[in-house]
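Q: I would like to take a close look at a single part of this chain and to see how it fits into its surroundings. Please explain each term as it comes up.

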Amino acid sequence: SFVYACIFGVLFFLLAPSLSKLVFSIVKDSNVKLLGIDYLKIRLSGFLFVLILNNISGFFRGFHNTVMPLYMTGFVCLLNVLFNFLLVLGNWGFPALGVRGAAIATVASEGIGAFLSIILLYTSKTTKKKINRRLSYSSLKKLFLKISFESGFSEGLVYLAVWGFNQIFILLGPTVIATQQMSSQIFYIIY
């Protein structure tokens, strides 16, 4: 699963500049377009972390441990709110980076979350016993591909909806985008 996550993560990293320009090619306001391209490029560059988090959350859920993914998601969201607070408006001596700060905050929180989730995967009582068992590669591959397709499709729909909402916020200006990003993280914690 990590191999596929790494392959797709690297692919998105390499395609991030082109995809970002393509997505924002419909925006007429050049300032908003530049901010949006920069934001999406940073977010897509860190997509590997999202894939790792989703894979590990799925692994825990597969072993009927839904609490660990909840804690991981909550931690990442809280960290994102903190980083947004620091980087969007430049609080506590950090630089005010606006929309760019929102993207960096999100990628940084997801990166830290992915790193910690890997540690949890190998140290949690739920998974420690299971990881050390010998399973056939072909049965794991089939199961992984099935779960990956289903969860990937679901996540893809969510990201498509978020992208659609962001297109609306783009029209309202960079401050609204940054505010919306912080608000979204608070919503995800509550939801």
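In which helix is the place of Glu-110?

A: Glu-110 has its place in helix α5. The model is predicted, with local features requiring a pLDDT of at least 70 and side-chain atom pairs counting only at pLDDT 80 or more, while totals for chains, interfaces and linings use all residues. Residues are numbered from 1 along each chain as its sequence is written, and side-chain values use heavy atoms, leaving out hydrogens and water.

It helps to begin with the setting. The chain contains eight helices and zero strands; helices (H or I, at least four residues) and strands (E, at least two) are DSSP runs, numbered from the N terminus. Along the sequence, the pattern therefore reads α-α-α-α-α-α-α-α. The chain has 191 residues, of which 34% count as buried. Buried denotes under 20% relative accessible area, exposed over 50%, and partly exposed in between, with a 1.4 Å probe and protein chains only. Among contacts in the chain with a separation of 6 or more, 66% are between residues 24 or more positions apart, where contact means heavy atoms within 4.5 Å.

Within this setting, Glu-110 counts as buried because its relative accessibility is 9%. If residues up to four places away in sequence are not counted, Glu-110 touches Arg-43, Gly-46, Phe-49, Val-50, Leu-53 and Val-76.

The contact with Arg-43 deserves particular attention. The side chains of Arg-43 and Glu-110 meet in a salt bridge, with 2.9 Å from N to O. Arg-43 lies in helix α2 and Glu-110 in helix α5, so this pair ties together parts that are 67 residues apart in sequence. A salt bridge is a side-chain nitrogen of Lys or Arg within 4 Å of a carboxyl oxygen of Asp or Glu. Like its partner, Arg-43 is buried; its relative accessibility is 15%. The C-alpha atom of Arg-43 is separated by 8.3 Å from that of Ala-16, and these residues are 27 apart along the chain.

A search of the whole structure finds two salt bridges. In the other pair, the side chains of Arg-100 and Asp-38 meet at 2.6 Å, N to O. Arg-100 lies in helix α5 and Asp-38 in helix α2 (residues 30-45), so the pair ties together parts that are 62 residues apart in sequence. Arg-100 is partly exposed, its relative accessible area being 37%.

The neighbours of Glu-110 also lead to the nonpolar interior. Leu-53 and Val-76 are among the residues that Glu-110 touches, and Leu-53 and Val-76 also belong to the largest nonpolar core. This core has nine residues: Ile-52, Leu-53, Ile-56, Phe-60, Met-68, Met-72, Val-76, Ala-114 and Leu-121. Helices α3, α4 (67-87) and α5 (98-123) each supply at least two residues of the core, and α3 gives the most, with four residues. A nonpolar core is a set of buried Ala, Val, Leu, Ile, Met, Phe, Trp, Tyr and Cys residues joined through side-chain atoms within 4.5 Å. In soluble globular proteins, nonpolar side chains tend to be buried together.

Helix α3 (residues 47-62) can be followed a little further. With 16 residues, α3 reaches 22 Å from its first C-alpha to its last, close to the 22 Å expected at 1.5 Å a residue; the expected span is 1.5 Å times one less than the number of residues. The buried residues of α3 include Phe-47, Val-50, Leu-51, Leu-53 and Ser-57. Just after α3, His-64 takes a positive phi of about 65°.

Next to Glu-110 in the numbering stands Ser-109, which is also found in helix α5. Ser-109 counts as buried because its relative accessibility is 1%. Leaving out residues up to four places away in sequence, Ser-109 touches Val-76, Leu-79, Asn-80 and Phe-83. Val-76 thus appears in the contacts of both Ser-109 and Glu-110.

Finally, the loop between α4 and α5 contains Trp-92. Trp-92 counts as exposed because its relative accessibility is 66%. Although Trp-92 is not a glycine, it has a positive phi of about 55°. Most residues other than glycine have a negative phi.

In summary, Glu-110 is a buried residue of helix α5, and its side chain forms a salt bridge with that of Arg-43.
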